[in-house]
Amino acid sequence: MTTKEYNLAIDAYSDNIYRFALKHLKNEMSAKDVVQETFMKVWVKHEEVAYEKVKSYLFTTAYHAIVDWVNKEKRNGDFEKVEHTATTEFSISFDLEKILNEALDKLPEIQKTVVLLRDYEGYNYAEIAEITALSESQVKVYIFRARQALKDYIKRLELVV
């Protein structure tokens, strides 16, 4: 990939990677750090990456950076996230976006990732499989289970109302 193609990739995909990271991390600064780290890693290997595959490579790199960040926070104890979780569990909101975000946060990390890649970013199953290093059938199963869990969560809230 040339320098010009690298700059085009930044223009084309930085917002998408930021949204993807923000949905996972719920922290703007951390999401920006993931974007920065992703593009830094791609720059280091820009001569090895084909421009046609840069989108997949970027999201794969971002996904691994997010997983590393989450694991680091689990080891260190992320008090900000603990506080956020505690307050959202006790408050009932009828704002659909907020409810959907709460439901997404309750999913296992891999299910959340594949649903976000499919439904928010518009990737097909093969691209998601490549990004997450899963088989296509595993991706389909995780998406199905995630959607079922989201549906069940929203139904439970309807019963409360």
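Guide: Buried here means under 20% relative accessible area, exposed over 50%, and partly exposed in between (1.4 Å probe, protein chains only). The model is predicted, so local features need pLDDT of at least 70 and side-chain atom pairs pLDDT 80 or more, while totals for chains, interfaces and linings use all residues. Residues are numbered from 1 along each chain as its sequence is written, and side-chain values use heavy atoms, with hydrogens and water left out.

Visitor: How many salt bridges turn up in the whole structure?

Guide: The search finds five salt bridges, each a side-chain nitrogen of Lys or Arg within 4 Å of a carboxyl oxygen of Asp or Glu. One of them joins the side chains of Glu121 and Arg19, at 3.6 Å from N to O. Glu121 belongs to the loop between α6 (109-120) and α7 (125-132), whereas Arg19 is in helix α1 (residues 3-25), so this pair ties together parts that are 102 residues apart in sequence. Helices are DSSP runs (H or I, at least four residues), numbered from the N terminus.

Visitor: And Glu121, is that buried or exposed?

Guide: Glu121 counts as buried, at 14% relative accessibility, while its partner Arg19 counts as partly exposed at 41%.

Visitor: Where do Glu37 and Lys41 lie?

Guide: Both residues lie in helix α2 (residues 28-44), four residues apart, which is about one turn of the helix. They form a salt bridge whose closest N and O atoms are 3.0 Å apart, and Glu37 is partly exposed at 29%, as is Lys41 at 33%.

Visitor: What does Asp119 meet in a salt bridge?

Guide: The side chain of Asp119 meets that of Arg147, with 2.6 Å between N and O. Because Asp119 lies in helix α6 and Arg147 in helix α8 (residues 136-160), the pair ties together parts that are 28 residues apart in sequence. Asp119 counts as partly exposed at 43%, and Arg147 is partly exposed at 36%.

Visitor: Which residues do shared partners join into a network?

Guide: Lys26, Asp105 and Lys112 are joined into one network by salt bridges that share partners.

Visitor: Switching to rings, how many aromatic pairs are there?

Guide: The structure holds four, where rings of Phe, Tyr and Trp (its six-membered ring) pair if their centres lie within 6.5 Å, planes under 30 degrees apart being stacked, over 60 edge-to-face and the rest tilted. The rings of Phe20 and Phe59 have centres 5.6 Å apart and planes at 65 degrees, so that pair is edge-to-face. Phe20 lies in helix α1 and Phe59 in helix α3 (residues 54-76), so the pair ties together parts that are 39 residues apart in sequence.

Visitor: Are those two buried or exposed?

Guide: Phe20 counts as buried at 1% relative accessibility, and Phe59 counts as buried at 1%.

Key. Helix = DSSP H or I, 4+ residues; strand = E, 2+ residues; numbered from the N terminus.
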